[in-house]
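This report describes the strand order, helix packing, pocket lining and some local details of one protein model. The sequence and structure come first, and the description follows.

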Amino acid sequence: MEIISIDTVTRSIAETAAYYETVLGLPVSKEIGAVEVTAGRTVLRFREDTDATGDQHYAFLIDDARFDAARAFLTAGPGLLSEGDRTEFEAQDAWNARSLYFPGPDRSVLEVIARRDLPRDLGAGPGAGAKASSPHVPGTQPDPFGPGDLLSVSEVGIAVPDVVDTADRLTEAGIGRYPAGSATFSPAGHIDGMLILVSVGRTWFPTSDRVVGEPPVAVVAQAGPASPGVMPGRYELAPGRVLVVRA
């Protein structure tokens, strides 16, 4: 379920545009009251709503071979979020992934995630992509991490009133649960893209002060080779929050 586009809100267009353009170096297109950011295969569109409450979460897919370069880039830039002494997080075995978290604009919690079970040519927008399993050649200096290393949006955090019921409905549509779900947290999707279904009022890991809100969001995804059995359609997740899956 490759995430093609995300349409949501931000409390500050200026802050959001400046962050993605100058901190992450991503292509940004500005218009009156909105900004569009291109991250590899995914387009994020933010409309300004100064009254929006709560904080948001997005994870960007990277090549596992670029993980150390990502750590160096983020440490020198926005800084890494931590849990105690930990800044690198290895997911449970079923995920076969590892992540770094960092502060984004408008109090968002951003993440880069390397999914080792994606060995295929991922592609980053119109240019040639990287392979998630591409090895580093010993004795060579890795290239600096840059915006082209962000291959797509891999996860979108979405608040829903009933996490279990929403996950059940998506499962019936072929958008299965990932392990480690609970009554307040349930990843739904596949290794090529997923929704992080959460209850309002939770905090976004690994922070204690970035709180899940209920902003409007529309996610458009494409059923891909890593997500067989997904039924195309429009899925109402909660008031103002929708998932559209294309064939």
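## Pairing along β14

The model is predicted. Ala 221 faces Val 245 of β14 across a strand pairing. The two strands concerned are β12 (residues 217-222) and β14 (residues 241-246), which run parallel and are joined by 6 bridges. Val 219 also has a bridge partner in β14, namely Leu 243.

β14 pairs with β13 as well, here in the antiparallel sense and through 5 bridges. Gly 233 has Val 245 as its bridge partner in β14, and Val 245 is also the residue that stands opposite Ala 221. β13 and β14 make a hairpin with 2 residues between them. In the turn of this hairpin, Gly 240 has a positive phi of about 85°.

## The sheet that holds β14

These strands belong to an open sheet of 7 strands, in the order β2-β3-β4-β1-β12-β14-β13 and with mixed pairing. At its edges stand β2 (28-31) and β13 (233-238), and each has a single partner strand, so one side of each has no neighbour in the sheet. From one strand to the next, the twist averages 15°. In general, strands of a sheet pair through backbone hydrogen bonds, in either a parallel or an antiparallel way.

Helix α1 (residues 13-23) lies across β1 (2-10), β2, β3 (34-39) and β4 (42-48). The direction of α1 is at about 155° to that of β4. Helix α3 (residues 163-172) also packs on this sheet, where α3 touches β13 and β14. The angle between the directions of α3 and β13 is about 175°.

## The other sheet

Another open sheet of 7 strands has mixed pairing and the order β6-β7-β8-β5-β9-β11-β10. Its edge strands are β6 and β10 (185-190), each of which pairs on one side only. Direction ignored, neighbouring strands of this sheet are turned by 25° against each other on average.

Within this sheet, β7 and β8 are antiparallel and pair over 7 bridges. One of the residues involved is Ala 97, whose bridge partner in β8 is Arg 115. Helix α3 packs on this sheet too, touching β10 and β11, and its direction makes about 155° with that of β11. α3 thus has contacts with β13 and β14 as well as with β10 and β11.

## The largest pocket

The largest pocket has a volume of about 480 Å³. It is lined by 21 residues, of which Trp 95, Tyr 101, Glu 111, Phe 185 and Phe 205 are the closest to the pocket centre. Four elements give two or more residues each to the lining: β6 (88-90), β7 (97-103), β8 (109-115) and β11 (193-198). These strands appear in the order of the sheet that runs from β6 to β10.

The largest contribution to the lining comes from β7, with 3 residues. Sorted by class, the lining residues are 13 nonpolar, 3 polar and 5 charged.

## Aromatic pairs

The model has 8 aromatic pairs. In one of them, Phe 73 and Phe 145 have ring centres 5.4 Å apart and ring planes at 40°, so this pair is classed as tilted. Phe 73 lies in helix α2 (residues 67-76), and Phe 145 in the loop between β8 and β9 (152-159). The pair links distant parts of the chain, as these two residues are 72 residues apart.

## Backbone details in the loops

Two loop residues have backbone values to note. The peptide bond from Phe 205 to Pro 206 is cis, with omega near 0°. Pro 206 is in the loop between β11 and β12, and Phe 205 is among the residues closest to the centre of the largest pocket.

Asp 106 has a phi near 55°, which is a positive value in a residue other than glycine. Asp 106 is located in the loop between β7 and β8, the two strands that pair over 7 bridges.

Note on methods:
Residues are numbered from 1 along each chain as its sequence is written. This is a predicted model: local features need pLDDT of at least 70, side-chain atom pairs count only at pLDDT 80 or more; totals for chains, interfaces and linings use all residues. Side-chain values use heavy atoms; hydrogens and water are left out. On a 1 Å grid over the protein atoms alone, a cavity is a set of points where a 1.4 Å probe fits but cannot get out, and a pocket is an open set with protein on both sides within 12 Å along at least five of seven lines; lining residues have an atom within 4 Å of a point. Grid points are joined across faces, edges and corners, and a volume is the space filled by probe spheres set on the points. Ala, Val, Leu, Ile, Met, Phe, Trp, Tyr, Cys and Pro count as nonpolar, Asp, Glu, Lys and Arg as charged, and the others, Gly among them, as polar. Two strands pair if DSSP finds at least two bridges between them. Axes are lines fitted to C-alpha atoms, for helices over the stretch in contact, and angles run from 0 to 180 degrees between N-to-C directions. Contact means heavy atoms within 4.5 Å. Rings of Phe, Tyr and Trp (its six-membered ring) pair if their centres lie within 6.5 Å; planes under 30 degrees apart count as stacked, over 60 as edge-to-face and the rest as tilted.
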